[in-house]
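User: Could you take a close look at one helix in this model for me, and show me how it sits within the rest of the fold? I'd enjoy a connected walk-through rather than a list.

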Amino acid sequence: MNGICSLGNDVVFDQLVALLNSIDEVLGAQTPVCIYPFDDRTERIAAEIAKRPNVTLYGDRQSIERWDRFMQNAAPERLNKEKFRLYGAHRRFCAFDGPFDRFIYMDADTLAMSPLDHVFQKLDDHDWVVYDFQFKNASKIYNLDAPKLYDIFSQERIQTEVFCSGFFGAKRGLFDEPLREQLLNHLKSGDYQCLYRGAGEQPLLNYMVMRSGISSYNFANQLPTEQRTGCSATSRHFEEENHILYDKGNRLTYIHYIGVQPSTIEKVCQGENLDFPYRDLFLYYRYLHEPEQRPVFKEPPTSTKTSSSPNLAQRLMRKLTSFRS
């Protein structure tokens, strides 16, 4: 069975509702969805999920604890849950144990913009499918100054295979116990020094895919140039038609609200007139099933720091802190 996965807690409640509503509208209300808990703050999202027969909140504690241990062993000094607020982002890895034979993972701060059949179809020939342009900045994935890095991966692979962990298609069972142990042994033998130190689970997931030799496909560097679309809300040139975004006439697969803090989203949903990219589109999906509760703004919005165009490093760090309280 195919399905959609995400990761969340009550901090990203509004984003998660918007994502689920976009799945209803664009993919179909019967689409199976599984939400992985970022932490134990799940009371609000659990109540919302209970209203949706197609959505489940993942509750396999053995699986969650297994990936907690894996992350602690893979990156012990920077993912101690008492010290680092990013602890929990790795629980998207539970999708490799989850209910779907093949799945597409979408961060809570994304919206579906197209049916995802083309992504699932690529999983017929590949084990890993992405659609993003992270490969243009591998310095936020790997320590490019680590000499051993180029013994592990060629320059070409680093420049073409790196991906953002906010959207990917994969298969259940892809990282079984023998493979996990093999990866941990490589990391403990010095590979860990090759990972970028400041970006949570994302460098590790890139390493896992690339070190394992998994067959991967990225629409962003495989499609003809004229057919490619962006995916980040930091790109301001997308055109909206009937609540769908287009990039020079091509329909986006998804939109990722990188750089928009959950606190900003929450304030807007409570009626504070703050600006962020594609705000009206987000509010449409957030209140798709309860339009009477959508806030109405009669004045131009107040700009926020996230509404400007930050540099890439800032955008990535804001994205990675999207689950902070």
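Analyst: Of the 325 residues in the protein, 57% are buried. Please keep in mind that this is a predicted model. The protein is built from twelve helices and twelve strands. Among its contacts with a separation of 6 or more, 76% are between residues 24 or more positions apart.

Let's go to helix H7, which covers residues 177-188. Its twelve residues should span 16 Å at 1.5 Å a residue, and the C-alpha atoms at its ends are indeed 16 Å apart, so the expected and modelled lengths agree.

The start of the helix is a nice detail to check in your viewer. Asp 176 caps the N-terminal end of H7, with a side-chain oxygen 3.1 Å from the backbone nitrogen of Leu 179. After the helix comes Gly 190, which has a positive phi, near 125°.

Now for the two sides of the helix. Leu 179, Arg 180, Leu 183, Leu 184 and Leu 187 are buried in H7. These residues lie on the same side of H7, because they cover an arc of only 135° around the axis. Arg 180 is worth a second glance, as it belongs to this buried set together with the four leucines. The face turned away from the buried side carries Pro 178 and Lys 188, both exposed. As for what the buried side meets, its residues pack against two other helices, H3 (61-74) and H8 (201-212).

From the helix we can step back to the sheet. Seven strands form an open sheet with mixed pairing, in the order S3-S2-S1-S4-S7-S6-S8. Strand S3 (55-57) and strand S8 (216-218) are the edge strands, each pairing on one side only. On average, and ignoring direction, neighbouring strands of this sheet are turned by 20° against each other.

Strand S7, at residues 167-171, runs antiparallel to strand S6, at residues 128-130, and two bridges join them. One bridge pair to look for is Val 129 with Gly 169 in S7.

Strand S1, residues 2-8, has six of its seven residues buried, so to speak mostly under cover. It runs parallel to strand S4 (residues 102-106), with four bridges between them, and Asn 2 has Arg 102 of S4 as its bridge partner. S1 also runs parallel to strand S2 (residues 33-37), this time through five bridges. There, Cys 5 stands opposite Cys 34 in S2.

One last stop is the loop between helix H2 (43-49) and S3, where you will find Asn 54. With a relative accessibility of 13%, Asn 54 counts as buried, because the cut-off for that class is under 20%. Its side chain reaches the backbone oxygen of Thr 31 at 2.8 Å. Leaving aside neighbours within four places in sequence, Asn 54 is in contact with Asp 24, Ala 29, Gln 30, Thr 31, Pro 32 and Val 33. Val 33 also falls within the residues 33-37 of S2, the strand placed between S3 and S1 in the sheet order.

Key: Residues numbered from 1 in each chain as written. Predicted model: local features only at pLDDT ≥ 70, side-chain atom pairs only at ≥ 80, totals over all residues. Heavy atoms only, no water. Pairing = 2+ DSSP bridges. Axes fitted to C-alpha atoms, helices over the stretch in contact; angles between N-to-C directions. Expected span 1.5 Å × (residues − 1). Buried < 20%, exposed > 50% of the residue type's maximum accessible area, 1.4 Å probe, protein only. Arc of directions from axis to C-beta. Contact = heavy atoms within 4.5 Å. Polar contact = N/O pair within 3.5 Å; in protein donor to acceptor, adjacent residues only side chain to side chain.
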